[in-house]
Amino acid sequence: QVQLVESGGGSVQAGGSLRLSCAASGRIFDIRGVAWYRQVPGKERELVANMPDTGVTTYGDFVEGRFTATRDDAKRLFYLQMNNLKSEDTAVYFCNADINVRNGPFTFNYWGQGTQVTVSS
């Protein structure tokens, strides 16, 4: 069984920074794509950053160069550094990953439980 656990959320003032972490644990053969999403109550979950296992990391248009997503597969840790936060960044942030649980075509998609980010203006 695979678990993703986010941490690092909290309350900050506009213009501040937060660094979210996501720790993967369990039966993991290798890690494919990793992404960060966010969701505001009553709205669709939206993509914040997408980190493929090979290729370029891409971001939602609203990021505008303020966020940086990174991954350390050896440590099974994923990060989202968020700078110059705005009140509209307030949301629950989720970690998502495609993980191969054994050698062969055994890739499944997993979600973390989410971490709240609140930005006050």
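This is a selection-by-selection tour of one predicted model.

**Stop 1: the whole chain**

Show the protein chain as a cartoon. Its secondary structure amounts to 11 strands and zero helices. Read from the N terminus, the elements run β-β-β-β-β-β-β-β-β-β-β. The radius of gyration is 14 Å, close to the 14 Å of the globule rule for 121 residues, so the chain is as compact as a globular protein of that length.

Now align the view to the principal axes. The C-alpha atoms fill a box of roughly 50 × 25 × 25 Å. Switch on a surface. The accessible area of the protein chain is about 6,500 Å². Carbon and sulfur atoms account for 48% of that area. Of the 121 residues, 38% count as buried.

A contact map adds one more number. Take contacts between residues at least 6 apart in sequence: 55% of them join residues at least 24 apart.

**Stop 2: the disulfide**

Select cysteine 22 and cysteine 95, and show sticks. How far apart are the sulfur atoms of cysteine 22 and cysteine 95? They sit 2.2 Å apart, and the two residues form a disulfide. A search of the whole structure turns up one disulfide.

Colour strand E3 (residues 18-26) and strand E9 (residues 91-100). Cysteine 22 lies in E3 and cysteine 95 in E9, so the pair ties together parts that are 73 residues apart in sequence.

Put a dihedral on the S-S bond. The value is -85 degrees, and the link is left-handed. Are these two cysteines buried or exposed? Cysteine 22 and cysteine 95 are both buried.

**Stop 3: the four-stranded sheet**

Keep E3 coloured and add E1, E8 and E7. These strands make an open sheet in the order E1-E3-E8-E7, with antiparallel pairing. Strand E1 (2-7) and strand E7 (67-72) stand at the edges. Each has a single partner strand, so one side of each is left without a neighbour in the sheet. Neighbouring strands here are turned by 15 degrees against each other on average, direction ignored.

As you look along any strand, keep one rule in mind. Side chains in a regular strand alternate between the two faces of the sheet.

**Stop 4: the E7-E8 hairpin**

Zoom in on E7 and strand E8 (residues 77-82). They pair in the antiparallel sense over six bridges. Pick out two of the facing positions. Phenylalanine 67 has methionine 82 in E8 as its bridge partner. Threonine 68 stands opposite glutamine 81, also in E8.

Then follow the backbone round the turn. E7 and E8 form a hairpin with four residues between them. Select arginine 76 in that turn: its phi is positive, at about 60 degrees.

**Stop 5: leucine 47**

Move to strand E5 (residues 46-51), where leucine 47 is found. Why does leucine 47 count as partly exposed? Its relative accessibility is 34%, and the partly exposed class lies between under 20% for buried and over 50% for exposed.

Show what surrounds leucine 47. Leaving aside residues up to four places away in sequence, leucine 47 touches Ala35, Trp36, Tyr37, Gly60 and Phe62.

For a last distance, add glutamine 3. From C-alpha to C-alpha, leucine 47 and glutamine 3 are 20 Å apart. In sequence, leucine 47 and glutamine 3 are 44 residues apart.

Note on methods. Residues numbered from 1 in each chain as written. Predicted model: local features only at pLDDT ≥ 70, side-chain atom pairs only at ≥ 80, totals over all residues. Heavy atoms only, no water. Disulfide = S-S within 2.5 Å. Helix = DSSP H or I, 4+ residues; strand = E, 2+ residues; numbered from the N terminus. Buried < 20%, exposed > 50% of the residue type's maximum accessible area, 1.4 Å probe, protein only. Pairing = 2+ DSSP bridges. Axes fitted to C-alpha atoms, helices over the stretch in contact; angles between N-to-C directions. Rg over C-alpha atoms; globule rule 2.2 N^0.38 Å. Contact = heavy atoms within 4.5 Å. Areas by Shrake-Rupley, 256 points an atom, 1.4 Å probe, with all protein chains shown as cover.
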